[in-house]
Amino acid sequence: MDPSRDNPLLRFATFWWGFGTFLIFALLLAVILIFNQPEPTSLEDAAAVPRYATRAKVDAAQAANLSPAALDAATLVLAKRFASMKPVAVEKPAQVIPGSETAKKLAAAPAVDTTAIDAVTPEDGPPDPAVMAAGQASYMLCAACHGQNGEGGVIAPPIANSEWVKGPISNLIRIQLRGLQGAITVAGKEYNMPGGMAALSYQTDEQIAGVLTYIRNSFGNKASSVKPEQVAALRSEVGKPQITAAELTKP
Ligand code: HEC
């Protein structure tokens, strides 16, 4: 007969040894489970799932509606159309690098004769509404400095009630093609803005004629229309240094 069998103290100790061993293994299992958890899915991966599903749907819909044969046929038609198209002449803006030989030559060029341009007899009647509409759209650029209503401000002199705007057409064309610097008196007030106005010669003859016709017939101004041919006649001015009020024809 085993003397330990009925020893309560020994039974008690054995129970705790067994329980302790169980706990150690349970703890080990818990640690293994904690460190072996599967990677949590990132937000990006989760968001990509519906995207891939949508893309698969779109691909399937496209494949059902656009057969490769139909695409090939359409490509052929378009290619033929492109091949028979006439290229459109692109007007390159004149670029003259400051300080270059070309710039020096232009600065030394003799003054243009503006009398013929200003001698054009103005047509009777109001300006062409289509030209005015195009001019108004182009004026958005000028409005940045001269104001929505040509009122002028701290950046630029006014267009409204300016004797220069209502005066000789060649002045306006030359200001736009060359820019303007130095002191200028507009409606009895002298302006001399630092840097002056930069040339805006990249616009086409039609665009310049339109915007100038617009300012000559808006904001209370009333004067003859400007014709694209008048702008074209002064294109040789492009690239010359900013013009000064002294070089302009007195209004
Ligand atoms: C970046 C600002 C700026 C823009 C944009 C601008 N101008 Fe000017 N403009 C000026 C400044 C500054 C002067 C005065 C220059 C000086 O002090 O010599 C001036 C002067 C003038 C003058 C002569 C003075 C007067 O008020 O009558 C006319 C005309 C003129 N600009 C027309 C135009 C037109 C047309 C456009 C658009 C195609 C235009 N400007 C765009 C700044 C600008």
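**Iron site, salt bridges and surface of a predicted model**

User: What makes Glu101 count as exposed?

Analyst: Glu101 has a relative accessible area of 57%. The cut-off for exposed is over 50%. Glu101 passes, so Glu101 is called exposed. Note that this is a predicted model.

User: How do you know that Lys104 and Glu101 form a salt bridge?

Analyst: Their side chains meet at 3.6 Å, N to O. The limit is within 4 Å, between a side-chain nitrogen of Lys or Arg and a carboxyl oxygen of Asp or Glu. The pair therefore qualifies. Lys104 and Glu101 both sit in helix α4 (residues 101–108). They are three residues apart, about one turn of the helix.

User: How many salt bridges are there by this rule?

Analyst: The count is seven. One of them joins Arg178 and Glu237, with the closest N and O atoms 3.0 Å apart. Arg178 lies in helix α8 (residues 169–178), and Glu237 lies in the segment after α10 (228–232), so this bridge ties together parts that are 59 residues apart in sequence.

User: Why are Arg178 and Glu237 called buried?

Analyst: Buried means under 20% relative accessible area. Arg178 has 6%. Glu237 has 0%. Both values are under the cut-off, so both residues are called buried.

User: What makes Lys240 and Glu237 a salt bridge?

Analyst: Their side chains come to 2.7 Å, N to O. That is within 4 Å, so the pair counts. Both Lys240 and Glu237 are buried. Bridges that share partners link Arg174, Arg178, Glu237, Lys240 and Glu247 into one network.

User: Which residues coordinate the iron atom of the ligand, and how do you know?

Analyst: His146 does so through NE2, and Met197 through SD, at 2.0 to 2.2 Å. The donor limit for iron is within 2.8 Å, so both atoms qualify. His146 lies in helix α6 (residues 129–146), while Met197 lies in the loop between β2 (189–191) and α9 (205–216), so the pair ties together parts that are 51 residues apart in sequence.

User: Why is the site of the iron atom called octahedral?

Analyst: The iron atom of the ligand has six donor atoms, with angles of 89 to 179° among them. Six donors count as octahedral if opposite donors are over 155 degrees apart and all others lie between 65 and 115. The site is classed as octahedral by that test.

User: Are the two iron ligands, His146 and Met197, buried or partly exposed?

Analyst: His146 has a relative accessible area of 12%. That is under 20%, so His146 is buried. Met197 has 25%. This value falls between 20% and 50%, so Met197 is partly exposed.

User: Which residues form the nonpolar patch on the surface?

Analyst: Phe12, Phe15, Trp16, Phe19, Phe22 and Leu23. Together they have about 670 Å² of accessible area. Patch members need over 30% relative accessible area. Phe12 has 53%, so Phe12 meets that requirement and also counts as exposed. Phe12 lies in helix α1 (residues 8–35).

User: What is notable about the phi of Phe219?

Analyst: Phe219 has a positive phi of about 60°, although it is not a glycine. Most residues other than glycine have a negative phi. Phe219 is found in the loop between α9 and α10. With a relative accessible area of 23%, Phe219 is partly exposed. Asn161 also has a positive phi of about 60° and is not a glycine. Asn161 is found in the loop between α6 and α7 (163–166).

Technical notes: Residues numbered from 1 in each chain as written. Predicted model: local features only at pLDDT ≥ 70, side-chain atom pairs only at ≥ 80, totals over all residues. Heavy atoms only, no water. Donors = N, O, S within 2.8 Å, 3.2 Å for Na, K, Ca; no water. Tetrahedral: all angles 85-135°; square planar, octahedral: opposite > 155°, others 65-115°. Helix = DSSP H or I, 4+ residues; strand = E, 2+ residues; numbered from the N terminus. Buried < 20%, exposed > 50% of the residue type's maximum accessible area, 1.4 Å probe, protein only. Patch = residues over 30% accessible without salt bridge, like charges linked within 9 Å, V, L, I, M, F, W, Y side chains within 5 Å. Areas by Shrake-Rupley, 256 points an atom, 1.4 Å probe, with all protein chains shown as cover.
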